[in-house]
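Here is a quick tour of one chain, written for someone who would rather look at a model than a spreadsheet. Have the sequence and the structure open as you read.

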Amino acid sequence: MFHRPVFSTESSSKQQTSERGIPVEVVELKPVDSFVRKRTYTGKVEAARTSELSLERRGKLIEVSVDEGDPVKAGMVLARLDTRHLKIIRQKLQAQRDAAQAKLDELLAGPRPQTIAAAEAAVRQLNAKLKNLQADHVRNEQLLQRNAISKSVFEASQYDVQQQQAQLDAAKSQLSELKEGTRKEQLDAQKAEVANLDAQLADNQIDLEDTELKAPFAGRISKRYADEGTVISPETPLLRLVEDQQLEAHIGVPVEMTPGLKRGARQQVQLNGKSYQSTLKAVLPELDPVTRTREVVLALDESAAQNLVPGQVIRIAMEEPVEMQGFWLPLSALARGERGLWSAYAVIPGKAEGELVLEKRQIEILHTEGDRVLVRGTLKSGDRMVVDGIHKLANNQRVVIKSGS
């Protein structure tokens, strides 16, 4: 008895598919005129401020209160010089100033009543003596006419009168000055003397303040160059201070990318796979002669200071608009061809009705982005291109398009 072979439904389906063609997944090409290209540029993390600190005057170090690695606050005293000589100078200046001020106070107060009374008494006394001398001189003149005295005696009495008159005039002038008070010129001169000493004291105070080195901003000590006992000069740095809580990213970017960068814009930077937020602080105006780029300065958020340190390499990804015509294809749709070209398979109608076959197309890669490429070649809009499994395919091979493609 003859038995017909029994074929399963699955085997029958595979046979029918094989006869119709290999199932393939396709994508329909759509032309593009431009696209946005992401570029990554590298730079360094830097401290916002770094200062080589030195004292403003020469002297002997008696105290350095910080060491390398120590955190400091703004205004904190970091080092001191010996101040003994300056303090002695200040004591001398203060004594001179006190004396000048006392004299000025006396001039402003004017003469005391007792002084004026004494001057008046002196004038009266000199005036009385002058009258006596004048009377004696008159008698001597009469005696000279009678030849009772010599001419020299007469001249001596005349000289005594003149001398007494001069003393009386001087006393009257002094009394007049006392009654009128201190002259403006004397007051101005004494005030100028006090002001000069005040200026010297202020200059001495600045010298004393300059014996202390204070932190200009908060940060961390990076270097310490000298210890106590060293005689240091203003040209010699003592400490290096780094503002490690305010970090910046300095990144060189092409000149053509800078016009679109706006100050204050938020930017994302990456380091070791982690992203950090930053704010665009400045685009420096000069071109780097080595890299031919402009340096972009980004102020990193405070949270970045907990994980980053100056000197690390940091990156920024920027979008660049590119005008270029082509078609996007997945990388899986490409096969390496000859002479540096690539190939892909297009699904086209075959000779028989409803038949679909493959046609190899030569293409050129214009740009790669992730898992897709921008290509051009023997392609046109609307072409259906195979997207996967091309290593199993051949030119003119019959295929069927999977549902959903």
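Let's start with a single side chain in this predicted model. Asn-140 has a relative accessibility of 14%, so it counts as buried, the cut-off being under 20%. Asn-140 sits in helix α3. Apart from its neighbours within four places in sequence, Asn-140 is in contact with Ile-149, Val-153, Phe-154 and Ser-157.

Asn-140 has company on that helix. The buried residues of α3 are Ala-119, Val-123, Leu-126, Leu-130, Leu-133, His-137 and Asn-140. Why might a list spaced like that turn up on a helix? An α-helix has 3.6 residues a turn, so residues three or four places apart point the same way. Just past the end of α3, Asn-147 has a positive phi of about 60°.

Now for a second helix, α5. Its buried residues are Leu-187, Gln-190, Val-194, Leu-197, Leu-201, Asn-204, Asp-207 and Leu-208. What do they pack against? The partners are helix α2 (84-109) and strand β8 (212-214).

Here are the two helices side by side, with the span running from first C-alpha to last.

| Helix | Residues | Length | Span | Expected span at 1.5 Å a residue |
|---|---|---|---|---|
| α3 | 113-145 | 33 residues | 48 Å | 48 Å |
| α5 | 184-209 | 26 residues | 37 Å | 38 Å |

In both cases the span is close to the expected one: that holds for α3, and it holds for α5.

Time to zoom out. The chain has 5 helices and 22 strands. Its radius of gyration is 53 Å, well over the 22 Å that the globule rule gives for 405 residues, so the chain is more spread out than a compact globule. Along the principal axes, the C-alpha atoms fill a box of roughly 205 × 45 × 40 Å. Of the 405 residues, 31% count as buried. As for contacts between residues at least 6 apart in sequence, 73% of them join residues at least 24 apart.

Next, the strands, and Glu-46 is a handy way in. Glu-46 lies in strand β3. Is Glu-46 buried or partly exposed? At 30% relative accessibility, Glu-46 counts as partly exposed. Leaving out residues up to four places away in sequence, Glu-46 touches Leu-247, Glu-248, His-250 and Pro-310. Ile-62 is 16 residues from Glu-46 along the chain, and their C-alpha atoms are 33 Å apart.

His-250 comes up again in the second largest pocket, which has 14 lining residues; those nearest its centre are His-250, Ile-251, Gly-252, Asp-288 and Glu-295. Strands β3 (31-47), β12 (247-253), β14 (274-287) and β15 (294-300) each give two or more residues to that lining. The volume of this pocket is about 190 Å³. By class, its lining has 3 nonpolar, 5 polar and 6 charged residues.

What about enclosed space? There is 1 cavity of 30 Å³ or more, and the largest cavity holds about 40 Å³. Lining the largest cavity are Ile-251, Val-253, Leu-261, Gln-267, Leu-280, Val-296, Leu-298, Ile-316 and Met-318. Strands β12, β15 and β16 (313-330) each supply at least two of these lining residues. The cavity lining divides into 8 nonpolar residues, 1 polar and no charged, whereas the pocket lining includes 6 charged residues. Ile-251 turns up in both places: it is among the residues nearest the pocket centre, and it also lines the largest cavity.

Notes:
Residues are numbered from 1 along each chain as its sequence is written. This is a predicted model: local features need pLDDT of at least 70, side-chain atom pairs count only at pLDDT 80 or more; totals for chains, interfaces and linings use all residues. Side-chain values use heavy atoms; hydrogens and water are left out. On a 1 Å grid over the protein atoms alone, a cavity is a set of points where a 1.4 Å probe fits but cannot get out, and a pocket is an open set with protein on both sides within 12 Å along at least five of seven lines; lining residues have an atom within 4 Å of a point. Grid points are joined across faces, edges and corners, and a volume is the space filled by probe spheres set on the points. Helices (H or I, at least four residues) and strands (E, at least two) are DSSP runs, numbered from the N terminus. Ala, Val, Leu, Ile, Met, Phe, Trp, Tyr, Cys and Pro count as nonpolar, Asp, Glu, Lys and Arg as charged, and the others, Gly among them, as polar. The expected span of a helix is 1.5 Å times one less than its number of residues. Buried means under 20% relative accessible area, exposed over 50%, partly exposed in between (1.4 Å probe, protein chains only). The radius of gyration is taken over C-alpha atoms; the globule rule is 2.2 Å times the number of residues to the power 0.38. Contact means heavy atoms within 4.5 Å.
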